[in-house]
Amino acid sequence: MPDRSPHLGPLSGIASVLVWAKRGSVLVLPCDLPLATGDLLAPLMAWHETARPGVAGVATVDGEAQPIVTLWPAAVGAHLARLVSSGTRRLFGVLDEIEWEPVPVDARLLADADTQDDLDRLLGAAAKNQ
């Protein structure tokens, strides 16, 4: 589905999909996490089983929010869209605007690969650890 406000960053895309979804929840994670597996998603899915309606589950590492990996309630979509329209671009800024709960995850699974060298390094290290 197309981003309603392209070129405004990840928050715009997240707002677009939440407005489109209308209800339920949407799990968002970036495409540059080559080590992301079910082990990353399992804590978020377990949290979702008991989550209060309208509350986002944000991946955390050592207590620090990692909002690029979040289980978003569709109910906050219109609010996020308004924030994007008013100039908000940072995901961390949104955490001050919505209710969310921390969901601890394994930091190793959040390693991102922005270049081919990053990808080769991460996959090489992962292969050595298996």
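**Note on the predicted model**

1. The protein chain has 5 helices and 4 strands. The model is a predicted one. Read from the N terminus, the elements follow the order α-β-α-β-β-α-α-β-α. The radius of gyration is 15 Å, close to the 14 Å that the globule rule gives for 130 residues, so the chain is as compact as a globular protein of that length.

2. Some overall figures for the protein chain come next. The C-alpha trace spans about 45 × 35 × 25 Å along its principal axes. Of the 130 residues, 35% count as buried. The chain exposes about 7,600 Å², and carbon and sulfur atoms supply 55% of that area. Among contacts with a separation of 6 or more, 65% are made by residues 24 or more positions apart.

3. The 4 strands make an open sheet in the order 1-3-2-4, and the pairing is mixed. Strand 1 (25-28) and strand 4 (100-104) stand at the edges; each has a single partner strand, so one side of each is left without a neighbour in the sheet. From one strand to the next, the twist averages 35°.

4. The pairings can be taken one by one. Strands of a sheet pair through backbone hydrogen bonds, in either the parallel or the antiparallel sense. Strand 1 and strand 3 are antiparallel, with 4 bridges between them; V26 has W72 of strand 3 as its bridge partner. Strand 2 and strand 3 also run antiparallel and are joined by 4 bridges; here V58 is matched with T70 in strand 3. Strand 2 and strand 4 pair in the parallel sense over 5 bridges, and G57 has its bridge partner, E101, in strand 4.

5. Strand 3 (64-73) is mostly covered, with 7 of its 10 residues buried. Strand 3 forms a hairpin with strand 2, and 2 residues lie between the two strands.

6. In the loop between strand 2 and strand 3 lies D62. Its phi is positive, about 50°, although D62 is not a glycine. Most residues other than glycine have a negative phi. D62 counts as exposed because its relative accessibility is 78%, and the cut-off for exposed is over 50%.

7. K22 is another residue other than glycine with a positive phi, in this case near 70°. K22 sits in the loop between helix 1 and strand 1. With a relative accessible area of 64%, K22 is exposed.

8. T60 belongs to strand 2 (residues 56-61). Is T60 buried or exposed? T60 counts as buried because its relative accessibility is 3%, and buried means under 20%. Not counting residues up to four places away in sequence, T60 touches A65, Q66, W100, P102, V103, P104 and V105.

9. A74 is placed in the loop between strand 3 and helix 3 (77-85). A74 counts as buried, at 5% relative accessibility. Which residues does A74 contact, leaving aside its neighbours within four places in sequence? They are L18, A21, K22, R23, G24 and S25. With A21, the C-alpha to C-alpha separation is 6.1 Å, while the two residues are 53 residues apart in sequence. K22, one of the contacts of A74, is the exposed loop residue of point 7.

10. Helix 3 has G77, L80, L83 and V84 as its buried residues. Seen down the helix axis, these buried residues fall within an arc of 120°, so they line one face of helix 3. The cover over them includes helix 1 (10-21), strand 3 and helix 4 (91-94). The exposed residues R82 and S85 are on the face of helix 3 turned away from its buried side. After helix 3 comes G87, with a positive phi near 110°.

Key. Residues are numbered from 1 along each chain as its sequence is written. This is a predicted model: local features need pLDDT of at least 70, side-chain atom pairs count only at pLDDT 80 or more; totals for chains, interfaces and linings use all residues. Side-chain values use heavy atoms; hydrogens and water are left out. Buried means under 20% relative accessible area, exposed over 50%, partly exposed in between (1.4 Å probe, protein chains only). Contact means heavy atoms within 4.5 Å. Two strands pair if DSSP finds at least two bridges between them. Axes are lines fitted to C-alpha atoms, for helices over the stretch in contact, and angles run from 0 to 180 degrees between N-to-C directions. The radius of gyration is taken over C-alpha atoms; the globule rule is 2.2 Å times the number of residues to the power 0.38. Accessible areas come from the Shrake-Rupley method with a 1.4 Å probe; for residues, only the protein chains shown count as cover. The arc is that of the directions from the helix axis to the C-beta atoms.
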